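Work through the exercises below with the sequence and the coordinates at hand, and try each task before reading its solution.

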Amino acid sequence: SKHLLTTSAGGAQLWDATTGTPQEPMGQFVLCGAFHPSGERLVTGNDSAQLWKFPSREPIGPPMKHPADIKDLAFDPAGNLLATVISGKVCLWDTRTAKQVGPPMSHPRVVCVGFSADGQYIASGADDGTARIWNATTMRSVGPSLRHRARVNAVTFGLDEGLLLVATDAGAYLWQVRQPLHHHKHLQGGLTHAAFSPDSKMLSLRMLALFDQQLQARQPQVRITDVTGETIAETRRLVHVAKETLAFAPDGKTIVSGGDNAAIFDARQGNLVGKLGQRVVSATYSSDGKLLATLEPHGVIQVWNVATADPAGQPLRHRGNSVKISFSPDNRVLLTHDTRNGAKLWNLADSSGLLASPDARAVVVMSPTTNTLLVGNRDGTVRFWDIKQAKPVGPTFQHASIASAVFSQDGQK
C-alpha cells in the first residue's frame with residue numbers, strides 16, 4: 001500500500017504517498033503509528049493502542065490501554081504481536097485479543113523498538129544511548145546492554161538475525177548479536193534509510209546531507225558497506241530524493257535507489273549502471289535479478305533491464321496508486337494488484353495483458369515455484385489459474401470467506 005502515516009500531538013494523518021495529497025485525518029493527539037505487515041490494518045498510539053481496518057479506518061476491537069503515553073510501537077512479522085514503548089518499559093500485546101502478554105520488559109528511558117525478521121527477538125533503544133535485545137517468547141534480556149555515545153533513534157535487525165543496526169544521533173552502529181555479543185563498527189553520519197543485502201553481508205545506507213564541494217550544495221549520499229563497516233562504494237549525486245525506496249537485487253549485485261531521480265548502481269563498486277529517469281515510488285526485482293519493475297505515480301509500471309538500465313518493453317498501466325508488483329517464478333509474467341481495481345497479469349514478452357480480475361477485494365497470491373495463481377473472491381470462491389495459459393485449473397472451491405492465503409515454500413500446497 002503506497003500510503004504514508006504521520007503522527008503528532010495534533011492527530012494522525014494518512015497521505016497518498018504518490019501524490020502527496022492528504023486523506024481524512026484519524027483522531028487527535030496521536031503520538032505514533034504503524035501499518036500491519038499485511039497492509040490491511042494499522043495501529044495508532046497515544047495513551048492506548050488502537051487497531052484500525054485499512055483503508056476503511058474502522059476500529060478493530062477494544063483499545064489496548066496503557067498507564068502512560070506510548071512513545072513507539074512495532075508489529076512482529078506475522079502481525080500477531082504488538083510491542084509498545086512507554087515510560088521505561090516495553091510491553092507486548094496479542095493483537096487478536098487486545099490483551100497484554102506477560103509482564104513489561106524494563107528498559108529505562110526507552111524510546112524505540114523493533115522485531116527481528118523471524119519474530120524471535122525484540123530490540124529496544126533508549127535516549128541514554130543504550131540498546132537491549134529481548135527474547136520475544138520468554139521476554140528476558142539476551143546478553144548485556146549495548147552502549148553508544150548518543151541517543152538511540154531506531155533499531156533494525158538484519159534478515160539472518162545475526163546483525164543489529166542501531167541508528168543514533170552520532171551515526172549508525174552495527175552489532176553482531178549472536179553470542180557472545182560484540183560491536184562491529186561505528187558508521188559516522190546521521191542515518192535516514194538502511195537496507196541489508198539478501199545475505200545480510202552488505203548494507204546500503206542513505207545518509208544525511210553531504211556537502212558537495214563541486215556543486216556547492218548539500219547532497220544526499222548512498223553508501224554501500226560490508227558488515228564490518230568498511231565502505232565498499234558510495235554515490236553522492238542523488239538530488240531531490242523524495243519518496244525513498246532502496247533495495248538490493250536478490251543476487252546482491254545491484255541496488256536501486258528510488259525517488260525523483262531513480263537509478264541503478266553496482267553494489268560492489270558503486271558505479272552508476274544507469275538512470276531510470278523517472279519518479280519511482282517502489283521497485284521490485286525479478287528472482288534472478290535481471291529485471292526490475294518500478295511503480296511510478298498514477299499506476300504506471302515500467303520493467304527495466306538491470307544490466308543496461310534500458311526499458312524492457314512498453315509501460316504497463318494499472319489504474320491506482322497502491323499497486324503491488326510481483327514476478328512469476330520464470331520471470332516471464334508480471335502480476336499487478338491493488339485493493340481498488342483488482343489484479344492483472346502481464347506477458348512481459350510483448351507487454352500484453354493476460355488476465356484481469358476486477359474484484360478489488362480478491363486475495364491474489366502467486367506460487368513461489370510453479371506458474372500457478374490463486375484467486376480468492378469476496379463471494380468465497382477460490383480458483384487456481386495457469387499463468388502461462390491464463391486459464392483456470394481444476395474445480396472451483398467454496399470458502400466461507402477469504403481474508404488471506406499463502407503457498408507452501410515448494411508451491412505444492
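## Exercise 1: an open sheet and its edges

Four strands, β38, β39, β40 and β41 in that order, make up an open sheet with antiparallel pairing. The model is a predicted one, in which local features need pLDDT of at least 70 and side-chain atom pairs count only at pLDDT 80 or more, while totals for chains, interfaces and linings use all residues. Residues are numbered from 1 along each chain as its sequence is written, and side-chain values use heavy atoms, with hydrogens and water left out.

**Task.** Determine which strands stand at the edges of this sheet, and describe how β38 and β39 are joined.

**Solution.** Begin with the terms: strands are DSSP runs of E with at least two residues, numbered from the N terminus, and two strands pair if DSSP finds at least two bridges between them. β38 (363-366) and β41 each have a single partner strand, so they stand at the edges and one side of each is left without a neighbour in the sheet. From one strand to the next, the twist averages 15 degrees (axes are lines fitted to C-alpha atoms, and angles run from 0 to 180 degrees between N-to-C directions).

Next, follow the pairing. β38 and strand β39 (residues 372-376) run antiparallel and are joined by four bridges, and a hairpin of five residues connects β38 to β39. Within this pairing, Val363 has Gly376 as its bridge partner, and Val364 stands opposite Val375. On its way to β40, β39 is again antiparallel, here with five bridges, and Thr372 stands opposite Asp386 in β40. Finally, four of the five residues of β39 are buried (under 20% relative accessible area with a 1.4 Å probe, protein chains only; exposed is over 50%, and partly exposed lies in between).

## Exercise 2: a buried loop residue

**Task.** Locate Ile387 and list the residues that it touches beyond its sequence neighbours.

**Solution.** Ile387 is found in the loop between β40 (381-386) and β41 (391-398). Its relative accessibility is 0%, and therefore Ile387 counts as buried. Leaving out residues up to four places away in sequence, Ile387 touches Ser328, Val333, Leu345, Leu354, Met366, Asn371, Thr372 and Leu373 (contact means heavy atoms within 4.5 Å). For Leu345, which is 42 residues apart from Ile387 along the chain, the separation of the C-alpha atoms is 7.8 Å.

## Exercise 3: the largest nonpolar core

**Task.** Which residues of the largest nonpolar core touch the most other members, and which elements give two or more residues to this core?

**Solution.** A nonpolar core is a set of buried Ala, Val, Leu, Ile, Met, Phe, Trp, Tyr and Cys residues joined through side-chain atoms within 4.5 Å. The largest such core has 15 residues, of which Ile133, Leu146, Val155, Leu164, Val166 and Trp175 touch the most other members. The elements that contribute two or more residues are β13, β15, β17 (152-157), β18 (163-168) and β19 (171-176), with the largest share, three residues, coming from β17.

Now take Leu164 as one of these members: apart from neighbours within four places in sequence, Leu164 is in contact with residues including Ala123, Ile133, Leu146, Val155 and Trp175. Leu146 can also be placed in a sheet, since Ala131 stands opposite Leu146 in β16, and strand β15 (residues 130-135) pairs with β16 in the antiparallel sense over two bridges.

## Exercise 4: salt bridges

**Task.** How many salt bridges are there, and which residues form them?

**Solution.** Applying the criterion (a side-chain nitrogen of Lys or Arg within 4 Å of a carboxyl oxygen of Asp or Glu) gives a count of three salt bridges. One joins the side chains of Glu58 and Lys53 at 3.8 Å, N to O; Glu58 is partly exposed at 40% relative accessibility, and Lys53 is partly exposed at 40%. Another joins Asp94 to Arg96, with the closest N and O atoms 3.2 Å apart; here Asp94 is buried, with a relative accessible area of 16%, whereas Arg96 is exposed, with 59%.

The remaining salt bridge is formed by Asp127 and Arg109, whose closest N and O atoms are 2.7 Å apart. This pair links distant parts of the chain, 18 residues apart: Asp127 is in the loop between β14 (121-126) and β15, and Arg109 is in the loop between β12 (105-106) and β13.
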